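Visitor: Please take a close look at one part of this structure, the largest nonpolar core. I should like to follow it residue by residue, together with the elements around it.

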Amino acid sequence: MAHINHNFLKLQKNYLFSDIAKKVRAFQEEHPEAHIISLGIGDVTQPLAPAVISAMHQAVDEMAQGNTFRGYGPEQGYSFLQQAIIDHDFKPRGISLDLDEVFINDGAKSDTGNIGDILSLANSIGVTDPIYPVYIDSNVMSGRAGDLLNGKWSNIHYMPCTAGNNFTPAIPQEKIDIIYLCYPNNPTGTVITRAELEKWVDYAMRHNSLIMYDAAYEAYIQDEQTPHSIYEIEDAKQCAIEFHSYSKTAGFTGVRCGYTIVPKALTALSDAGEAIPLNSLWNRRQSTKYNGTSYISQRAAEAIYTPQGQQEIKATIQYYMENACLMRQTLKDIGMDVWGGENAPYIWMKTPQGMDSWQFFHHLLHRTNLVCTPGVGFGPSGEGYVRFTAFCNRENCQEAMNRISNQL
Ligand SMILES: *Cc1c(COP(=O)(O)O)cnc(C)c1O
């Protein structure tokens with residue numbers, strides 16, 4: 001008789017988006033005439049850049065010819081893409097990387113979830129709260145999270161990010177082995193300053209901690225000062241893994257491609273107390289369990305770095321950021337407290353009049369027929385907030401903001 005991994009039974013059902021969908025469906029049935037606009041789900045809406053499309057067509061044509069056909073590719077990715085990443089995403093910021101420090105992935109969700117394979121179950125975990133749920137759930141699955149007590153996992157250290165601390169998590173007093181940071185942040189849309197990020201690298205160096213840095217929204221940074229990569233901070237190559245994704249950068253949620261940086265200077269301890277390079281462990285893990293990202297997707301990603309590709313993806317990011325600007329301003333104008341939306345496609349709003357997240361969700365749906373995401377769905381410190389996404393069409397965004405101005 002086979003036995004299951006009992007940790008899966010500990011997982012909380014992730015009801016958030018199915019709950020939202022159920023409630024929206026029920027409302028639509030009661031009000032068939034209502035034109036509901038969703039500002040809820042974090043998925044892109046604009047089509048792929050023409051430069052990406054033509055690169056994909058070309059890659060498909062190569063697959064059709066015996067002399068250019070590609071079968072299994074390198075699990076770590078093709079060097080043409082690794083090199084383009086180094087040249088465009090890191091060199092201009094003064095960061096040097098070798099090809100074998102860049103692992104092409106099929107998205108940041110997979111790698112942030114899988115990276116725990118190479119790390120001991122005994123590690124303690126720290127997360128900012130509210131948070132992207134994958135970091136916690138993947139640790140629950142592997143048995144690293146402990147037990148759920150009063151809505152929190154016993155082996156996970158929650159670092160609240162609220163208006164009270166301006167969404168800047170306090171540097172922990174105690175030693176935490178692995179810390180997840182995501183900036184620009186989903187769900188709050190806030191960023192980390194260079195000075196704060198330096199404090200984290202300093203903390204990690206002092207405690208031999210490992211930082212998992214999720215930079216999925218890096219391309220949305222608009223100002224000059226905000227760091228795009230943790231490796232802009234001295235010593236970060238000795239204490240951090242960084243995750244990137246083309247999902248939000250270039251609308252690749254349905255194409256699938258991203259990359260993970262595991263520097264060769266990064267080590268963690270063996271049971272015998274030896275420092276073991278994580279790069280070689282991750283390489284071994286990927287060679288066994290990952291087949292590589294499809295050639296077509298990697299050629300698509302490469303095209304983002306051409307001058308035409310850069311111009312096109314930047315235009316789409318600007319389109320979303322103009323939505324964000326309109327949303328931020330409209331919400332402010334009616335007296336709401338809002339954060340984010342300046343260097344990220346998310347707006348985080350304090351619910352008015354002491355409503356909790358779900359109360360405001362219903363209030364908004366009934367008054368304006370708009371859908372937001374209740375902040376409490378991202379963690380206990382998200383209670384009393386909601387998230388709006390700027391990933392929408394301009395017409396819908398304008399219509400939604402008119403309703404907020406006139407009806408809320
Ligand atoms: C969307 C998102 C990702 C990217 O996910 P993919 O698997 O690459 O599509 C990663 N991290 C966060 C926080 C996200 O919101």
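Guide: A nonpolar core is here a set of buried Ala, Val, Leu, Ile, Met, Phe, Trp, Tyr and Cys residues that are joined through side-chain atoms within 4.5 Å. Buried, in turn, means a relative accessible area under 20%. The model is a predicted one, and every value below is computed from it.

The largest such core has 48 residues, and those that touch the most other members are L81, I85, Y213, I230, Y246, F252 and Y259. Helix α4 gives the largest share of this core, namely six residues. A second core lies apart from it and holds 37 residues, including F167, M327, L364 and Y385. In general terms, nonpolar side chains in soluble globular proteins tend to be buried together.

L81 is a suitable point of entry. Helix α4 spans residues 79-90, and L81 is one of the core members with the most contacts to other members. Once neighbours within four places in sequence are set aside, L81 is in contact with I104, Y246, C257, Q298, A301, E302 and Y305. Y246 in this list is itself among the best-connected members of the core.

Just before α4 comes Q76, in the loop that runs from α3 (50-63) to α4. Q76 has a relative accessibility of 19%, so it counts as buried; the cut-off is 20%. Its side chain makes a polar contact of 2.4 Å with the side chain of N283. Beyond four places in sequence, Q76 touches Q82, V102, F103, I104, N283 and S287. I104 therefore appears both among the contacts of Q76 and among those of L81, which are counted when heavy atoms come within 4.5 Å.

The core can also be approached from the strands, through Y213. Strand β8 covers residues 210-214 and pairs with β7 in the parallel sense over five bridges. Within this pairing, Y213 of β8 stands opposite L181. Strand β7 comprises residues 178-182, and five of its five residues are buried. In a regular strand the side chains alternate between the two faces of the sheet. In β7, I178, Y180 and C182 point to one side and I179 and L181 to the other, and both faces are covered. β7 has a further parallel partner in strand β3 (residues 125-129), to which it is joined by three bridges. I125 stands opposite I178 in that pairing.

The loops that follow these strands show some unusual backbone geometry. After β3, the peptide bond between D129 and P130 is cis, with omega about 10 degrees; P130 is in the loop that leads from β3 to α6 (134-142). After β7, a second cis peptide bond runs from Y183 to P184, with omega near -10 degrees, and P184 belongs to the loop between β7 and α7 (194-207). After β8, the loop to β9 (240-245) holds D235. D235 is not a glycine, yet its phi is positive, at about 75 degrees. With 35% relative accessibility, D235 counts as partly exposed.

It remains to place this region in the chain as a whole. The chain has 13 helices and 17 strands. Its radius of gyration is 22 Å, close to the 22 Å given by the globule rule for 408 residues, so the chain is as compact as a globular protein of that length. Buried residues account for 52% of those 408 residues. Where contacts join residues at least 6 apart in sequence, 72% of them link residues at least 24 apart. The accessible surface is about 18100 Å², and carbon and sulfur atoms contribute 50% of it.

Technical notes. Residues numbered from 1 in each chain as written. Predicted model: local features only at pLDDT ≥ 70, side-chain atom pairs only at ≥ 80, totals over all residues. Heavy atoms only, no water. Helix = DSSP H or I, 4+ residues; strand = E, 2+ residues; numbered from the N terminus. Buried < 20%, exposed > 50% of the residue type's maximum accessible area, 1.4 Å probe, protein only. Polar contact = N/O pair within 3.5 Å; in protein donor to acceptor, adjacent residues only side chain to side chain. Rg over C-alpha atoms; globule rule 2.2 N^0.38 Å. Areas by Shrake-Rupley, 256 points an atom, 1.4 Å probe, with all protein chains shown as cover. Pairing = 2+ DSSP bridges.
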